[in-house]
Structures are given as structure tokens and as C-alpha cells.
Amino acid sequence: MAAAPVEYTIGGVKINFPCKAYPSQLAMMNSIIRGLNNGQHCLLESPTGSGKSLALLCSALAWQQAQFVWFLVSAVNSDQSKKSTLSSRLSEKLQASLSNGEQDDDFKIDRKRIRTPSTEQKVPLLIASIPVTLLIGLLSLVIILSFFFSTEQQAKMSQKTVEKSKDSDKDKEGSGRKKIPKIFFGTRTHKQITQIARELKRTLYSTVPMTILSSRDHTCVHPEVVPHANRNERCKELLEAKNGLSCRYYHNVHKMRDQSTLQWVHGLHQAWDIEDLVRLGGKLRSCAYYAARELMQDACIVFCPYNYLLDPLIRESMEINLKEQIVVLDEAHNIEDCARESASYTLNQAQLLLARDELDGMVTHNIRRDQHRPLLAFCCSLANWVKESCNSLEEREYESSCKVWTGAEILGIFHGLGITADTFSLLQKNLAAVLEKEERIGLVNGREDVVQVPTISSNTQSMLKSLFMVLEFLFRQNCRFADDYRVALQQSYMWTTQQDLPDAQGFFARPQRRRQSTRTKTLVHTLSFWCLNPAVAFSDLSGSVRSIVLTSGTLSPMGSFSSELGIKFSIQLEANHVISKSQVWVGTVGAGPQGRKLCATFQHAETFAFQDEVGALLLKVCLTVSQGVLCFLPSYKMLDKLRDRWMNTGLWDKLEERKTVITEPRGGGKGDFDELLQTYYEAIRGTAANNGALLVAVCRGKVSEGLDFTDDNARAVVTIGIPFPNIKDLQVELKMKYNDKHAKSRGLLPGGRWYEIQAYRALNQALGRCIRHRNDWGALILVDDRFRTNPNKYITGLSKWVRQLVRHHDTFTGAMQSLESFSQGQRGAVETFEETQSQAAPQHPSPSTITSPPPEIITPLKPFDHRLAPPNLHTEVRAANSESRSSESGIWLEWRKKNLLYLFNILICVLKEVTVFGDDG
Ligand code: SF4
């Protein structure tokens, strides 16, 4: 049966939730509303499967809607203010209540959650008093108004609409009109955006104007550009009409650049996915990439990968303005790394030399000579310095050498090269000037014609832009961030692989198993500008954004976020899991089947004894647990070692007898990896003699990040050791030293502690692959004796829900017996449940019943009672819309007439509400 939507009032904001919320969801929503009301930043951990995304979306959008209604009503009131100041006073009270949510917030997790207006409430809060349907109605009112307005305009739209609209948007911003904060919702991958859009569709907020920002790789619809390896490059060429050809899809952007047209004419009236927009773009011959960007102007919520929000270059190119907006970063456990990378850049010597040669060509051919010449001088100086410095590198590892400078040292060197804060600002102007499009009259085939002034290649453009981005950080505010940078010049060898070429007849000379590829070794010099302080990239956000909400299933340990990002997270939450204790088995194991101690430190992991014991342990787990087993190792290096050893000893064959064994590939194409995963899933679904599949993966690898192993896909996760980052990695070494240096003065975590936290976060991330929803179950087996010998150090780093359940097993046999009875118990419970289900509902004997999320979570929203609510605009419009497809022009007028009636209805409701508030006061 479909779950009924439930209305919660938290901090003065009415939140409509598609079902009864879990305590963890209520805790999340409470934290978010408090943060948004007070303009505070939030750090919220809630385990995977606890409905975090739904809580995030509903609370943030409900808060935004509350702002919106307040804005509308205060606008109505301001007209009446001269006649009666009562309602305006009320509006002020409301604003005070929203900005001081903590005082008014009577939200308590343990108390009754569905609130009815109290008679003691002398002055009800405006938001708490307006039915949610009216809120939706108000929002729809604006959509319709803008639609009526925009349809009038559409006829006049020319191909220059995109540019025109940008101007008008700027005008709007400059008019001083109060703006409701947009919600910028960043996730790690595009796949996660799809999942979030699906969640949004389940809520009453599914019709809010939205957009999804994405790259041309995902959104270009031009059939000749799509097969191109570098779509960005090809698109830019077309837009510059270099060969006299332009993109016709770009000139049709106006067909989908408007929120109301998209929703009510083209049928994307509920939360949509990027694929929906691309499909529509193909149908309308309109560019989905630029449409998505244009839709941002009127979107209430903007979804994008989170580097779009952190990276200053992407922000600029996508025209993202975060001032006074809400930024939600989901799956934010890697946000520190991402922020550091956003403010860092690595270029190689070959790129620098290529840029130098291109600029030289521009100067020689007298093309914008005055601007290109200083840039050429810059590249020459830098290239010469790199060449000279290559002679003074120090050996670091086998076949690799380097030299490192601090930010201050590098500024001194640059000063010697004539690159100072003043000359750099001139260089920036020159770069901006040479990137501008320019047309001149020139001779073409002996005749005068308009010609484009040539520009440097897009590779050189992007290299110079990135280099200038880090230099801008280095020179910014009197070199404030210089100490946060280290510049490393490294020499190493790069191996390039060339596959065997087939012979003249198209056959390979060697059989496939023995086929080899030709590897060639090339000397490479790279110059890296590493930002060691994520707060540098965050400084752009923290100063201007209203609230930042960081959330993930695995933020623990949470200690480093405030100090590393330079932001005070006034609101922090570690929510509990929604599963019961009986659904998860968490055990640490310090010894293998032979009784050998298992401690995966470098010295031990190198020994055959350790490798054999781990192999025997894994085999035993595979014999005990049916279906999917995931095993996470600390590094690819260990994965290679274990595989080689197990193949030699025959253990690999034994594992394969029991399960289909797959190892995570290092690098490689996405397609190859997807194929491997498919094999894994098929082995679990299949009825082969072996019982399921074993996936041996690496912490921080593709499998541990963002992949979903629901139900039988992972009934056990085995982690071997503690995945500390590679201590020999130069960047890790520099970061640890940096933290040690600034630990006292800036309150940073000491280097050693920072290093440990990276390990626990990776471990928690791997462990989080297993339990993915409320009815899921599985075992988490942490293999390493250090958990037993030093629990205070190693157990405290685990996520709250894991550390609460962890049990240490003194012997391996004891651990396996306990695991076996857990596994059998869970399977038995499933079978009993399935039997009951099949008796109760013989028409649905699906074995997946128990493993699906609970009905109250996944069922679609119950429609509102029309007797209580204003007419359901969405349903009516959808009906009208489907009619319009069959007979567009005639029905169209009908539809507009119908909606005019709704406009009246909604206006009457608003006026009534305003009158009621006045009476109450
Ligand atoms: S304008 Fe749009 S459709 Fe045309 S090439 Fe560029 S991304 Fe593709």
C-alpha cells in the first residue's frame, strides 16, 4: 500500500515528506533547517540507506519555499502597509522567526511529529500556517506567470536570445530585488545525480524548476560532434564558425531554455534526468548543454558534480555565482582532496614548450602582437627556468628525482624572472585579450571579406588558464596563500603501451593469452603547483555562500573538516543507522585459520606466510557466506602480490571453484570495468555450480567509491589491513609536513593524525558498500590484529554505526562460527518472510520482496485530497499537456483559459491567507 505523505514542522518551516520519516531523517532535516535559518554551515553524516538524500531535498526545498512565500506575502503586505501595518509587522515577526529558528524550534525527535496548529499560538508562524498545497500553488503561480510572459516573448526571439537573456538577467540582479537563495546540489558523479533526481521525483517538490549542469560529453546532441573524441574542442570550433559551419542545435537553444516551456509544453514537469533533457534536445534539435546552463537562471535547485562548485575555472566557464546561495555537497567525504586539487595544477615540459612555440608563431605572424609578446616572454622564462632546474634535481626513488620549492621561494624565483604581482595582472589582461574573438576585414581569394583573427589552440588556452589560476592564488591578497603551496619539479619515466598490431591478413601472430604489447619508455618532466590547504579553494565559497551543507554516509572521523576547510561547521550530526542490530555482523579478526597473526603492515604483508593466511581466510569466508563477497585491500600493489602468490599456490583455483573471482583493474576504460561488474552481478544472479562471486578490490578505487552493492551483491565485506595512503608519495609527505608546521598556529591536525584519518575514511567508505537500505543485511569483517591491540586508536576512527556494533573475535574459528550462524539466521529469516509473503499474496511471489526498500520509502506520493486543497495544477496541466500533443494549437488556447482560472483561485487563496494573518494578529 502506498505510504501517505507526512507533514513536519521544523524550525518554523513546513516540510512535506513522502512517508513517515526515520529518526535519522528527522535529525538531518532538523540540522539543515537550523543551518539554513541561521546561515550556518552543516556537517552531516548519515549512513547509506538511511534516506539521507530524501531528507536533504525535502528540508532544503521546504526552506526555500518558505522564503519564497514570505517574500510573496511581504510584497502583498508592503502594498497594504500604508493602510494597515498589522500584516507587515507579522511579516517582520516571521522573518525574525526564520532567522532565529532555534528559539522557535520545538522540534524534538521523541515527540509527536505531525503538528496541528496550537490554539495557544497567538501569532502563528506564517509558514506553519499555510497549507503545503498552497505553497506549491504559489510556486506554480510564478511558473505560470513567467510562462504567460515568456510565451509572448518567444515569438520575438531571434537566434541571439541567449546573449539577450543574459543581459536581462544581469539587469534583474542589478535591480536590487530580493533574491531567494538557489540550492546548488553537488554530487560526486553524474550517476549520483540520476539517483538524486529519482528521489526528488518521489516528493511533493518534484515540480520545482531545476537544472543539471554537465559536460558536453554527456549533453551534446550534435550527431557529428558526438562521435568526436574531444567534443569540447569540436563544439568550440563550430561555435566560432571556423570553417564557415556553425551548430544549428545551438541556435535552437531557445526552444528549451525556459523552465515553464520545458515543464508545461515539453512534458518535463517533474524532476528529470540529464538523459531526459538530451532526448528532448535530440527531438527538438536543440542543444541540451547550453539549454541546461540557461535553465540555471530560473532554477530553484541546480544539480552538478561538486567540482563545478569548487573549481574556480569551471565556476567561471559555467557562469556559476554562489553569492548568498545554498551549497549542498553530497558524498562529501573526499571534499578535502577535491578542494586541494581544484587549487592545484600540474603541467609537463612538453606542454610548456608547445605553448611557447604557438605564441612565437603568433608574434612572428603579427597577430595581436602586443598581447602575445608578453605571454611569449612569460612562457620562455618559465621554460628556461625549468630546463636549468632539471640539472639540480635530487634522486628520490628508483628512476625518479625531484626538487621542491615553497610558495615563498617560488615567488622569489618568479620575481627574478620578472613575474611579480604587478606584471602578472598585466599578463592576465593580455591573456583575456588574446582569448577574445575578433573579426577583421581581410583578403579572401583576392576579395575583401570578414575574417576571424586566429587564436592559440584550445589546449594552450586551457594550459595557460590553469597556470594563471594557480598564480592568481599565489599572488592573491598580497601573497596570502603563498605558504599553502609547494612547487615540485619531477623527473620520471612514462611507459606507453602499444598493443600488438595484427599482421597483413588481420590475424595476430601470437595466441591471445601470450599476446604482448610493446612498451616504450619516455623521460618526462612535470612541474606541479600543489595546494596543500583545501581552505584556499574554499575561501571563495566560505566568504560569499549563505550556508554550506556537507554530507555523506562516511564523514567520520569528522575532526579534520573544520580545520582543513577553514570553515566553522556550527551544526554537526552523526546519525544512527536505520537497520536493527541483528541485520549486521561486525567483527575484527586478528588471526587466520592457521592461527597466524594478521597485521598488514609493510613488513608482514611482504611475507608468504601472511599472504597464504589471508588467502585461506578469504576462502573460508567464501565457503561460509553465499552470493556476493567484496574484499578490499589497501593498495593495487598488494592486490598484484596476493594474486600472483595465490595463482602459484593453487588457492586461486580453489576460490574459483567456490565463486566467480574478479579483481578490480588498475586504470583502464570505463567500458571494460562495467563489463567486469556485469560478470560479477550475473554470477550472483546465475545458477552456476559455484555460489556467487568474489570481487577483490582496492580501498579508494572505483569499487569502494560510489558503487552500490545491494542485497545479495554484497553479503560480506572483508577489509584487509588499514588503508593508509602511500607514505612515499611526495604529495602525502609534503602535506604531513605542512600540517605539522601549521598545527599550532592554524589549529590544523598534526601530520600523523591527518594521515591516519585518511586511512579510516577510506576504510569506512569500503565498509559502507554493504548495507544499502533498511532491509539489507550483511557482514563486515575487519582483518587486522591492530584493531584488537589498540582499539582506542583504530576503532574510534570507524563510523559511529560500525563502532557501536564491532566485536573482536579471539580466534578465527570462533569468528567463522559466529558468522555462519548470522548468515544462516538471516537467510532463514528471508525464507520465512518469503513464505509468509507468498501465502499472503500468491500473485507476487518475487524473491526480491524482502530485499527491496520498505514500501513506505519507495511508493509514489499519494495525491492530495482535492476537497481540501486548491485544484491540482500539476495534474490538470499534465492532462492538458498530453492533449496538446495530439492537437496542439486548439487545445492550447483551452489550456491557457483553464489555467487563468487557477491563477484566480491561487490569488484568492493568497489574499485570504493575508487577511487571516491580519485577523490573527
Ligand atoms: S552547441 Fe551544443 S549541440 Fe552544438 S556542438 Fe556544442 S554542445 Fe554540441
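This report walks through a predicted model, from the whole chain down to a few single residues.

## Ground rules

Since everything here comes from a prediction, local features need pLDDT of at least 70 and side-chain atom pairs count only at pLDDT 80 or more, while totals for chains, interfaces and linings use all residues. Residues are numbered from 1 along each chain as its sequence is written, and side-chain values use heavy atoms, with hydrogens and water left out.

## The whole chain

Let's start with the big picture. The chain has 921 residues, and 52% of them are buried. Here "buried" means under 20% relative accessible area, "exposed" means over 50%, and "partly exposed" is in between (1.4 Å probe, protein chains only). About 42,500 Å² of the chain is exposed, with carbon and sulfur atoms supplying 51% of that; these areas come from the Shrake-Rupley method with a 1.4 Å probe, and for residues only the protein chains shown count as cover.

The secondary structure adds up to 37 helices and 23 strands. Both are DSSP runs numbered from the N terminus: helices are H or I with at least four residues, strands are E with at least two. Of the contacts (heavy atoms within 4.5 Å) with a separation of 6 or more, 79% link residues 24 or more positions apart.

## One seven-stranded sheet

Seven strands line up in the order β5-β6-β4-β7-β15-β3-β16, making an open sheet with parallel pairing. Two strands count as paired if DSSP finds at least two bridges between them. At the edges are β5 (210–212) and β16 (571–574), each pairing on one side only. On average, neighbouring strands here are turned by 15° against each other, direction ignored; the axes behind such angles are lines fitted to C-alpha atoms, for helices over the stretch in contact, and angles run from 0 to 180 degrees between N-to-C directions.

Strand β7 (residues 326–329) is a good one to look at. Four bridges tie it in parallel to β4 (residues 183–187), with Ile183 opposite Ile326 and Phe184 opposite Val327. Another four bridges join β7 to the parallel strand β15 (residues 547–552), where Ile548 is the bridge partner of Val327. Both faces of β7 are covered: Ile326 and Val328 are buried on one side, Val327 and Leu329 on the other.

## A second sheet and its helices

Another open sheet of seven strands, again with parallel pairing, follows the order β19-β20-β18-β21-β22-β17-β23. β19 (660–663) and β23 (807–809) have a single partner strand each, so one side of each lacks a neighbour in the sheet. From one strand to the next, the twist averages 20°.

Within this sheet, β21 (residues 716–720) and β22 (residues 778–783) pair in parallel over five bridges, and Ala716 sits opposite Ala779. Helix α25 lies across β17 (584–589), β18, β20 (693–698), β21 and β22, running at about 175° to β21. Helix α26 (residues 636–649) also packs on the sheet, touching β18, β19 and β20, and its direction makes about 135° with that of β20.

## Nonpolar cores

A nonpolar core is a set of buried Ala, Val, Leu, Ile, Met, Phe, Trp, Tyr and Cys residues joined through side-chain atoms within 4.5 Å. The largest one has 152 residues, and those with the most contacts inside it include Phe303, Ile335 and Phe378. Beyond its neighbours within four places in sequence, Phe303 is in contact with residues including Leu57, Phe185 and Met210.

Apart from that core lies another, of 40 residues, with Val625 and Phe812 among them. Val625 is in the loop between α25 (608–624) and β18 (628–633) and is buried, at 2% relative accessibility. Its contacts, leaving aside neighbours within four places in sequence, are Lys659, Arg715, Ala716, Leu819 and Ser823.

## A few residues to look up

His525 lies in strand β14 (residues 518–531) and is buried, with a relative accessible area of 11%. Its side chain makes a polar contact with the side chain of Gln491 at 2.8 Å. That term covers N or O atoms within 3.5 Å; within protein, one must be able to donate a hydrogen and the other to accept it, and residues adjacent in sequence count only if both atoms are side-chain atoms.

Helix α21 (residues 458–479) holds Gln477, which has a positive phi of about 45° although it is not a glycine. Asn478, also placed in α21, has a positive phi of about 60°, and it isn't a glycine either. Asn478 is exposed, with a relative accessible area of 75%.
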